Every structure is written in structure tokens, then in C-alpha cells.
Amino acid sequence: MTINFYKEKLLTYAKKNNINVDDKTLAVFNLENLEDVWQELKKINNDLTIYILEYIAEELIVNVVSKSERSGMKLGLHRMKNILNILGNPEKKLRVIHIAGTNGKGSVSSYLQNTLAQKYKVGMYSSPSMVSFNDRIRINNNFISYQEMYTLYQEISNIWYKNFASDKDNISVFELLTVVAICYFEKNKVDFAIMEVGLGGRFDATNIFENKELSIITKISLDHTNILGDSLEKIAYEKAGIIQGNDNILLYPNKEGVISIIKKVAIVKNARLKILAENYIDVEEIAFKHNIFSYKSFKNIKIKMLGEHQIYNASLALEALLFLREKNTINLTDVEIKKGLENTRWLGRLEWVKNNILLDGAHNIDGVRSLVNYLKKQNLGKIKILIGILADKDYSEMIKLFESLDASFYVTKVPIEIKESKLENLLASFTKEIKIFDNYKQALEDIVPKLKTDETFLVSGSLYLISEVRKELLKEKNDD
């Protein structure tokens with residue numbers, strides 16, 4: 001957006017609210033750089049500038065910061081330890097629930113956050129974004145403001161470069177955002193901080209908490225094999241890296257090889273490991289738009305999160321809540337726990353945004369398998385599928401699973417500015433006829449208006465694609 005765009009936006013707001021815009025404020029918009037405009041408006045500090053600063057901060061952090069986010073990933077903990085040490089180690093003041101795994105991290109985090117927030121102040125850090133860039137840092141489901149997010153980002157970045165300017169090993173965007181989340185949660189004195197691992201576990205930026213309330217490892221499957229290893233056992237070892245000395249770990253019932261690796265790490269770390277007992281789970285109904293199950297003494301839990309795998313994610317979160325209650329860390333009744341689970345939603349995962357439009361961020365083989373299983377159990381009529389997958393995924397196996405469905409296939413680029421969004425290898429994996437779109441907007445303009453009432457349109461693959469498509473579809477819905 002241009003600087004003039006924000007000037008006009010401010011003038012429109014002022015006119016609507018009968019607020020006079022003084023010459024000093026207007027003069028700021030004559031500056032050439034949006035960052036300079038931001039800095040000068042902060043000094044004025046009135047109702048008008050507070051209004052427009054939020055929009056400018058969004059532009060700055062989304063377009064300056066997020067474009068390099070994924071390509072700027074770095075593994076290793078020394079940068080995090082260095083910056084947190086200078087900041088006075090705010091991470092040591094948080095009561096952390098740390099969540100690693102391949103699939104289910106976001107869902108389990110959301111179940112926990114939604115349930116705990118009934119009585120507690122709960123920070124949650126997750127990625128990537130779904131609703132907006134600032135949704136990854138939230139307290140009781142209220143997103144951090146863009147002003148606070150960008151201000152903290154700037155402050156922490158400046159501290160880094162002031163102290164480590166000569167260091168060629170610069171801190172990454174994800175690391176900076178992780179520090180922003182930690183400082184924000186500490187500043188706001190949250191009761192709990194739910195920290196979702198970004199990639200792997202052992203060297204992930206979130207793995208800097210020495211004493212935690214609980215560590216949770218969700219389902220492990222093949223993903224990011226070029227970084228984490230080409231076998232479940234190698235990936236399990238990386239995920240198990242979040243286990244600290246004398247830790248408490250709750251584990252999803254993974255394959256035996258995975259469990260064996262995590263057990264060995266737990267023994268070395270003198271950590272207590274508990275594996276979710278599947279025999280306590282009673283699957284009662286897997287329906288079109290809900291699931292019903294029982295777990296231990298909790299009967300007929302009706303969750304809105306779809307697919308059989310969500311019953312296991314909810315059970316894992318429930319077991320975590322019971323553990324926290326047994327050690328007197330939380331005080332929640334059975335009724336409150338059940339209510340929290342039943343009211344939980346996690347956007348972009350088997351989410352019906354319209355009656356016949358479904359979004360699912362199935363970005364690896366296991367995720368696609370769960371999605372396909374759900375679709376095959378429903379009577380959805382003809383299915384049209386728009387797919388966008390990043391090149392670091394095992395797209396050939398993912399496409400095989402998708403092609404087991406009776407569907408029409410469409411392919412588009414993932415809307416993120418990195419080399420991995422190229423289509424050539426992905427297209428070669430299809431055996432069925434496909435239609436290609438340069439971008440998701442073209443695809444939506446072509447497919448959605450022609451969609452019949454007895455047809456289902458599914459968008460799947462990268463969460464980056466799902467996020468942008470979701471915003472576009474809901475904007476269109478609101479315009480209607």
C-alpha cells in the first residue's frame with residue numbers, strides 16, 4: 001500500500017467520526033518511507049494516529065517481515081539463548097506447555113488453550129498464520145495487536161544487531177517472532193504459555209525452556225525429510241529433542257519404532273513418559289460436521305473438529321488436562337473440561353467455510369491420508385479439488401492419495417515467495433487430467449461461480465495456500 005492510501009484511510013475515519021485532522025499529522029504523510037511515517041505518528045499519539053498505526057504496522061510486518069519467514073528458517077539454539085540472555089531470560093518466568101509433532105500440534109494446542117482459557121490467562125504461539133499474520137501470538141484467543149507485534153519485533157531486532165552486528169550468523173525471522181511471543185506473554189503475566197514447535201524440536205527456536213509444566217509429542221509421520229531425516233525414527237529423535245531433564249512427557253500412540261526412540265531419550269533425560277492409551281477411547285460417531293466419543297469417565301464428548309484423527313487429538317489434550325489437574329496445576333471440573341473441548345475450533349483443518357466448500361491444510365502424507373479417509377466416509381457427490389503443495393513435501397505420494405478419490409483436479413502455486421513453490425515436479429506426479437492456474441485467485445474465480453449445489457469444492461495442500469484462500473472466500477461471503 002502507498003503512504004497516500006493510509007492518509008486517505010485516516011481522513012475517511014476522521015470525517016466519519018467528526019475528528020479534526022491537524023496540519024502536524026497531515027505533514028507526516030509527506031515523508032517518503034512508510035517506516036518513517038510510522039515512527040513520526042507514534043510520537044503524536046492521539047486517537048487518530050492510534051487508529052492508523054495499526055494498519056501501517058500490519059503492512060510493515062506482513063510485507064517486510066513475513067516474506068522472508070519460511071526461507072529464513074534456521075536450526076540451532078545459540079542465537080535464541082544469546083538474545084534471551086540479554087533480555088533478562090523472560091522464558092524462565094513462563095509456565096510452559098510445549099508441543100512438538102508432525103500432525104496435530106495446532107489442534108491439540110487449540111483444545112488446551114480453549115479449555116484452560118475458561119479460568120486462566122493463556123498465551124498461545126503457533127505457526128503459520130491462518131486468519132491474519134498476528135493470529136500466531138494470542139492470549140485467550142485475542143491476537144496480539146500489529147502495533148505491539150511490530151514494536152516488539154523492532155526492539156528485539158535492534159537489540160540483536162546492536163550486540164551481534166558483526167556476527168554473520170544472523171537471527172532468523174522465526175526466531176525473532178518466537179522471542180516476541182515470549183516477551184509478550186511474560187509482559188502480560190499469562191498463567192500458561194502454550195508453545196508450538198515450528199520445525200522438528202531438538203534445534204527449534206522454541207526449545208529453550210528448561211522447566212516446563214508438560215511436554216507433548218503428537219503424531220509423528222514423514223515431513224521435512226530433507227531437514228529432519230528420511231525415516232520415522234530419525235524424525236522421532238528430532239521431535240524428542242524437546243524433552244528436558246526431569247520433564248513430563250505425554251505421547252500420542254505412534255508406531256513402535258517411534259515410541260522406542262522417544263523412550264530412550266526419556267530415560268537419558270530422567271523424564272517421565274506417558275503414552276495415550278487408545279483402549280480408553282470409545283469412538284461413537286464420525287459424522288459430516290461433528291464427532292462423538294468417550295474417554296475414560298468422560299462420556300459423549302461432541303467435538304466440532306472433523307475427521308477420526310481429531311478424536312485422538314482431543315483425547316491427547318484431555319489426558320494432558322487430567323495430568324495438570326492431578327498435580328494441582330489447574331482447577332477445572334469435568335464439566336468445564338468437556339465444554340472446553342466441545343467448543344474448540346481450529347481454522348483451516350477440515351473447515352467448511354460454505355455449505356459445499358471445504359478447506360484442509362493437509363500438507364504431508366499423513367494429513368492427506370486423514371483427509372481422504374474423511375471424504376470417503378461422506379456422501380459428497382462430485383468433488384473438485386484445488387491443490388497447492390510446496391516442493392519440499394513428498395508430493396508424489398500425496399497426489400496418489402488424492403487421486404484415489406473420484407474428483408476433478410486443479411493445481412495452483414502456493415502464495416509464498418520462495419523457490420519451493422515451483423510447479424514442475426508436482427505436475428509430473430499426476431496421472432489424471434488436471435487444470436493449472438497461475439494463482440489461487442484465478443482458480444477461485446473460475447471454479448466457485450460454476451459450483452453446483454450437489455458438488456463439493458476442496459482446497460488443500462500448503463497451509464500458506466489455505467490461509468489466503470480462506471481470507472478470499474470469507475471476504476467474498478461478507479461482500480455478499
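Visitor: Are Trp160 and Phe164 buried or exposed?

Guide: A residue counts as buried when its relative accessible area is under 20%. Trp160 and Phe164 are both buried. Please keep in mind that the model is predicted.

Visitor: Where do Trp160 and Phe164 lie in the chain?

Guide: Both belong to helix α7, which covers residues 146-164. They are 4 residues apart, about one turn of the helix.

Visitor: How should I read a pair of aromatic rings, and how many aromatic pairs are there in the whole structure?

Guide: Two quantities describe a pair of aromatic rings: the distance of the centres and the angle of the planes. Searching the whole structure gives 13 aromatic pairs. In one of them, the ring centres of Phe5 and Tyr6 are 5.1 Å apart and the planes stand at 90°, so this pair is edge-to-face. Phe5 counts as partly exposed, because its relative accessibility is 34%. Tyr6, with a relative accessible area of 3%, is buried. Trp160 and Phe164 also form an aromatic pair, and this one is tilted, with 4.4 Å from centre to centre and 35° between the planes.

Visitor: Which residues form one aromatic cluster?

Guide: Tyr13, Tyr51 and Tyr55 form one such cluster. The ring of Tyr55 has a further contact: the charged end of Lys9 sits over it, 4.4 Å from its centre. A second example involves Lys296, whose charged end sits over the ring of Tyr280 at 5.1 Å from the ring centre.

Visitor: Let us turn to the strands. In what order do the 8 strands of the open sheet stand?

Guide: The order is β4-β3-β2-β5-β1-β6-β7-β8, and the pairing is mixed. The strands at the edges, each paired on one side only, are β4 (142-143) and β8 (272-275). At the β4 edge, strand β3 (residues 137-139) runs antiparallel to β4 and is joined to it by 2 bridges. Ile139 has Asn142 of β4 as its bridge partner.

Visitor: Which strands pair with β1 in the parallel sense?

Guide: Strand β5 (residues 192-196) runs parallel to β1, and 4 bridges join the two. Across this pairing, Ile97 stands opposite Ile194 in β5. Strand β6 (residues 214-217) also pairs with β1 in the parallel sense, again over 4 bridges. Here His98 stands opposite Ser215 in β6.

Visitor: How do the side chains of such a strand point?

Guide: Side chains in a regular strand alternate between the two faces of the sheet. In β1, Val96, His98 and Ala100 point one way, whereas Ile97 and Ile99 point the other way.

Visitor: Why is strand β1 described as largely enclosed by the rest of the structure?

Guide: The reason is that 5 of the 5 residues of β1 (residues 96-100) are buried.

Visitor: Where can I find unusual backbone geometry?

Guide: One place is the peptide bond between Ser127 and Pro128, which is cis, with omega about -5°. Pro128 is found in the loop between β2 (122-125) and β3. Another is Asn18, which is not a glycine but has a positive phi of about 55°. Asn18 is in the loop between α1 (3-16) and α2 (23-28), and counts as exposed because its relative accessibility is 73%. Lys189, also a residue other than glycine, has a positive phi near 50°. Its place is the loop between α8 (173-187) and β5, and Lys189 counts as exposed at 57% relative accessibility.

Visitor: How does one look for a pocket, and what is the volume of the second largest pocket?

Guide: Empty space is revealed by rolling a probe the size of a water molecule over the atoms. The second largest pocket has a volume of about 570 Å³. Its lining consists of 23 residues, and those closest to its centre are Lys219, Lys255, Asp366, Arg369 and Ser370.

Visitor: Which helix supplies the largest share of that lining?

Guide: Helix α14 does, with 6 residues. α12 (308-326) and α14 (365-376) each contribute at least two residues to the lining of this pocket. Sorted by class, the lining of the second largest pocket has 10 nonpolar, 6 polar and 7 charged residues.

Key:
Residues are numbered from 1 along each chain as its sequence is written. This is a predicted model: local features need pLDDT of at least 70, side-chain atom pairs count only at pLDDT 80 or more; totals for chains, interfaces and linings use all residues. Side-chain values use heavy atoms; hydrogens and water are left out. On a 1 Å grid over the protein atoms alone, a cavity is a set of points where a 1.4 Å probe fits but cannot get out, and a pocket is an open set with protein on both sides within 12 Å along at least five of seven lines; lining residues have an atom within 4 Å of a point. Grid points are joined across faces, edges and corners, and a volume is the space filled by probe spheres set on the points. Ala, Val, Leu, Ile, Met, Phe, Trp, Tyr, Cys and Pro count as nonpolar, Asp, Glu, Lys and Arg as charged, and the others, Gly among them, as polar. Two strands pair if DSSP finds at least two bridges between them. Buried means under 20% relative accessible area, exposed over 50%, partly exposed in between (1.4 Å probe, protein chains only). Rings of Phe, Tyr and Trp (its six-membered ring) pair if their centres lie within 6.5 Å; planes under 30 degrees apart count as stacked, over 60 as edge-to-face and the rest as tilted. A charge sits over a ring if NZ of Lys or CZ of Arg is within 6 Å of the ring centre and within 35 degrees of the ring normal.
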